[in-house]
Amino acid sequence: SAISILNVFGYEHERIMHYHSDIVIQKNCEVIITETIKVYAKGYEIKRGIFRDIPLSYDYKGGSYHVDFELLSVKKDGEEESHHTDWLDNGVRIYAGDESVFLSEGIYNYEIKYRMNHVLLFYDNFDELYWNVNGNGWTFPIDSISATVHLPDGAKVSQYDGFTGR
């Protein structure tokens, strides 16, 4: 049988080791999202940094919704990181990294913080947060994903659902 030889980090392939989304719903209905993305880079796809695609329009229950977006900060290993954005047909792509700096093989912790508006849906008996925690644009494995949702004072959870896949 074939034997895989792993490097000193214990990983054969680039990956997202952990993806956490901290979602804070404001009283004014804006949502502030801080994503912490721990990656193992080997220089194949993660050469200078990472990118994150965020959809800004989507179809839901027969309607088309458009959301507001403001990038607040991008960090790598706790320090401000070079970044830029490109507009996509359906949203925005955030690039974290400097095009002139190649990463050494290793583990990196990225933090992307942004503000969204119009991601809450309002009904007669309840309000709903409709959010894809990590998006669908990743080309390598994600070992684990978690999310924490913080509600404004006085808000209560009446029900919740979570889904995986497209």
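Which residues have the most contacts inside the largest nonpolar core? They are Ile 37, Val 39, Ile 54, Phe 69, Tyr 110 and Met 116, in a core of 32 residues. A nonpolar core is here a set of buried Ala, Val, Leu, Ile, Met, Phe, Trp, Tyr and Cys residues joined through side-chain atoms within 4.5 Å, where buried means under 20% relative accessible area, exposed means over 50%, and partly exposed lies in between, with a 1.4 Å probe and protein chains only.

The structure is a predicted model, in which local features need pLDDT of at least 70 and side-chain atom pairs count only at pLDDT 80 or more, while totals for chains, interfaces and linings use all residues. Residues are numbered from 1 along each chain as its sequence is written, and side-chain values use heavy atoms, with hydrogens and water left out.

## The chain as a whole

The protein chain has zero helices and 13 strands; helices are DSSP runs of H or I with at least four residues, strands are runs of E with at least two, and both are numbered from the N terminus. Along its principal axes, the C-alpha trace spans about 60 × 40 × 30 Å. Of the 166 residues in the protein chain, 34% are buried. A contact is counted when heavy atoms lie within 4.5 Å, and among contacts between residues at least 6 apart in sequence, 69% join residues at least 24 apart.

## The core and the open sheet

In soluble globular proteins, nonpolar side chains tend to be buried together. The elements that give two or more residues to the largest core are β1, β2, β3, β4 (57–60), β6, β9, β10 and β11 (120–122). One of the core residues named at the start, Ile 54, touches Phe 69, Asn 90, Gly 91, Val 92, Ile 94, Tyr 114, Met 116 and Trp 131, when residues up to four places away in sequence are not counted.

Three strands form an open sheet with antiparallel pairing, in the order β3-β9-β8; two strands pair if DSSP finds at least two bridges between them. Because β3 (49–55) and β8 (83–88) each have a single partner strand, they stand at the edges, and one side of each is left without a neighbour in the sheet. Neighbouring strands of this sheet are turned by 20° against each other on average, direction ignored, with axes taken as lines fitted to C-alpha atoms and angles running from 0 to 180 degrees between N-to-C directions. Strand β8 is joined by six bridges to β9 (residues 91–97), the two running antiparallel, and Asp 86 stands opposite Arg 93 in β9.

## Charged pairs

Side chains of opposite charge can pair when their charged atoms come close. A salt bridge is counted when a side-chain nitrogen of Lys or Arg lies within 4 Å of a carboxyl oxygen of Asp or Glu, and a search of the whole structure finds six of them, including the three below.

| Salt bridge | N to O distance |
|---|---|
| Glu 35 and Arg 52 | 2.8 Å |
| Glu 70 and Arg 115 | 3.0 Å |
| Glu 81 and Lys 76 | 3.9 Å |

Glu 35 and Arg 52 are both buried. Glu 70, by contrast, counts as partly exposed at 39% relative accessibility, and Arg 115 is partly exposed with a relative accessible area of 24%. Glu 30, Glu 70 and Arg 115 are linked in a network of salt bridges.

Lys 76 is found in strand β6 (residues 68–76) and, at 17% relative accessibility, counts as buried. Leaving aside neighbours within four places in sequence, Lys 76 is in contact with Glu 81, Leu 103, Tyr 108, Asn 109 and Tyr 110.

## Aromatic pairs

A pair of aromatic rings is described by the distance of the centres and the angle of the planes. Rings of Phe, Tyr and Trp (its six-membered ring) pair if their centres lie within 6.5 Å, with planes under 30 degrees apart counted as stacked, over 60 as edge-to-face and the rest as tilted; by this rule there are six aromatic pairs. The rings of Tyr 19 and Trp 138 have their centres 6.0 Å apart and their planes at 75°, so the pair is edge-to-face. This pair links distant parts of the chain, 119 residues apart, with Tyr 19 in strand β1 (residues 15–25) and Trp 138 in the loop between β12 (127–129) and β13 (145–150). Both Tyr 19 and Trp 138 are buried. The rings of Tyr 114 and Trp 131 have their centres 6.5 Å apart and their planes at 45°, so this pair is tilted. Tyr 114 is buried, with a relative accessible area of 0%. Ring pairs also link Tyr 19, Trp 138 and Phe 140 into a cluster.
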